[in-house]
Amino acid sequence: MERRSALKNMGMAFGYAVATPTLLGLLQSCKDKPAYAEWVPSFLSQDQGYALAQTLDIILPKTDTPSATEMNVHVFFDSFMDEVLPEEQLDFVKLRMDKFFDKVLSDSGKQSLTDVEAADIEPVLKTYLAKRTPEQEEIHTEAIDSYMEAVMNGGQGDIDDDIARFSFANDLRDMAIFAYKNSEYVGEEVLAYAPIPGEYIPCDDLTTLTDGKAWSL
């Protein structure tokens with residue numbers, strides 16, 4: 001996956017501005033903290049947390065910069081679900097996540113998420129992050145809208161398994177990038193960072209101005 005391209009070019013695709021300063025404060029280096037295999041989430045089960053953390057590190061692996069889990073993105077995601085999301089959205093996230101990881105278990109032949117490895121998750125993630133045609137995107141959007149409308153009206157929503165997995169994988173990637181870009185280290189060391197703005201240049205090439213990097217949020 002083109003991690004560096006994603007970091008530089010993808011922005012905030014969702015309404016994560018509701019994330020509180022306390023939650024954003026979680027996005028710091030995990031130095032001297034236990035490995036995520038021992039992490040006990042606030043909202044997710046421990047096996048869900050373990051699988052989620054591995055998935056995030058596939059999306060944003062350790063290279064010349066820290067991995068997603070080293071920036072506490074997994075903790076941010078868990079806390080966001082626990083403290084921010086309204087119930088109807090929370091249920092939808094859980095539904096999609098369950099369908100995604102059920103597919104991981106089914107394809108790997110394993111019984112528990114505590115047994116899965118990155119090699120089990122990566123092909124499923126690749127499938128559901130594949131580019132969709134405009135027609136597919138429209139069908140998926142309509143299916144999600146219908147599900148949410150049914151739930152908001154007090155009914156029982158239903159959604160195709162593959163659509164749910166596509167939706168989860170893409171939402172997880174977008175949120176991971178948002179959280180990662182909002183960590184102190186990435187904001188100051190990876191992205192273009194100017195704590196004290198200098199001269200105003202209204203029009204110039206991004207490559208010339210920042211070596212092709214997006215500005216820190």
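**Group meeting talk: a walk through an all-helix chain**

Let me open with one residue: setting aside residues up to four places away in sequence, aspartate 115 touches Lys110 and Asp120. Before I go on, please keep in mind that this is a predicted model.

So where does aspartate 115 sit? You'll find aspartate 115 in the loop that links α5 to α6. With a relative accessibility of 42%, aspartate 115 counts as partly exposed. There is also a partner from far away in the sequence to mention: aspartate 47 lies 68 residues from aspartate 115 along the chain, yet their C-alpha atoms are 8.8 Å apart in space.

Now let me zoom out to the whole chain. How many helices and how many strands does it have? There are ten helices and zero strands, and reading along the sequence gives α-α-α-α-α-α-α-α-α-α. The chain has 217 residues, and 42% of them count as buried. If you take the contacts between residues at least 6 apart in sequence, 72% of those join residues at least 24 apart.

Next, the inside. As general background, nonpolar side chains in soluble globular proteins tend to be buried together. Here, the largest nonpolar core has 38 residues, and the ones with the most contacts inside it are Val73, Phe100 and Phe101. Which elements give two or more residues to this core? They are α3 (46-59), α4, α5, α6 (118-128) and α8 (161-181). The biggest contribution comes from α8, with nine residues. There is a second, separate core as well, made of seven residues, with Ile144, Ile159, Ile163 and Ala164 among them.

Let's look at one of those well-connected residues, phenylalanine 101. Ignoring neighbours within four places in sequence, phenylalanine 101 is in contact with Ala51, Leu52, Thr55, Leu113 and Phe168.

My next stop is helix α4, which spans residues 73-83. Why can we call α4 largely enclosed by the rest of the structure? Because nine of its eleven residues are buried. Those buried residues are Val73, His74, Val75, Phe76, Phe77, Asp78, Ser79, Phe80 and Met81.

Just ahead of that helix there's a residue I'd like you to click on: asparagine 72, in the loop between α3 and α4. Most residues other than glycine have a negative phi. Asparagine 72, though, has a positive phi, near 65°. Is asparagine 72 buried or exposed? Its relative accessibility is 5%, so asparagine 72 counts as buried.

That brings me to how the helices pack. We describe two packed helices by the angle between their axes and the distance between the axes. I have three pairs for you.

Pair one is α4 with α8. Their axes come within 10 Å and cross at roughly 115°, so these two helices are roughly perpendicular to each other. The crossing of α4 and α8 is right-handed. On the α4 side, the contact uses Val73, Phe76, Phe77 and Phe80, and α8 brings Leu172, Met175, Ala176, Phe178, Ala179 and Tyr180. By class, that contact has ten nonpolar residues, no polar ones and no charged ones. Notice that Val73 is a familiar name here, as one of the residues with the most contacts inside the largest core.

Pair two is α3 with α6. Their axes come within 10 Å, crossing at roughly 65°, and α3 passes α6 in a right-handed crossing. The residues in contact are Ala51, Gln54, Thr55, Ile58 and Ile59 from α3, together with Ala118, Ile121, Glu122 and Leu125 from α6. Sorted by class, the contact of α3 with α6 holds six nonpolar, two polar and one charged.

Pair three is α5 (residues 87-108) with α7 (residues 134-152). These two pack at an angle of about 135°, and their axes are 11 Å apart. At that angle, α5 and α7 are therefore oblique to each other. Their crossing is right-handed. From α5, the contact has Glu88, Phe92 and Leu95, while α7 supplies Ile144, Tyr147, Met148, Val151 and Met152. That makes seven nonpolar residues, no polar ones and one charged in the contact of α5 with α7.

And one link to close on: Ile144, from that last contact, is also part of the second core. Thanks, everyone, and I'm happy to rotate the model for anyone who'd like another look.

Conventions. Residues numbered from 1 in each chain as written. Predicted model: local features only at pLDDT ≥ 70, side-chain atom pairs only at ≥ 80, totals over all residues. Heavy atoms only, no water. Buried < 20%, exposed > 50% of the residue type's maximum accessible area, 1.4 Å probe, protein only. Helix = DSSP H or I, 4+ residues; strand = E, 2+ residues; numbered from the N terminus. Axes fitted to C-alpha atoms, helices over the stretch in contact; angles between N-to-C directions. Parallel < 35°, antiparallel > 145°, perpendicular 65-115°, else oblique. Left-handed = near helix turned anticlockwise from the far one by under 90°. Contact = heavy atoms within 4.5 Å. Nonpolar A, V, L, I, M, F, W, Y, C, P; charged D, E, K, R; others polar. Core = buried A, V, L, I, M, F, W, Y, C linked by side-chain atoms within 4.5 Å.
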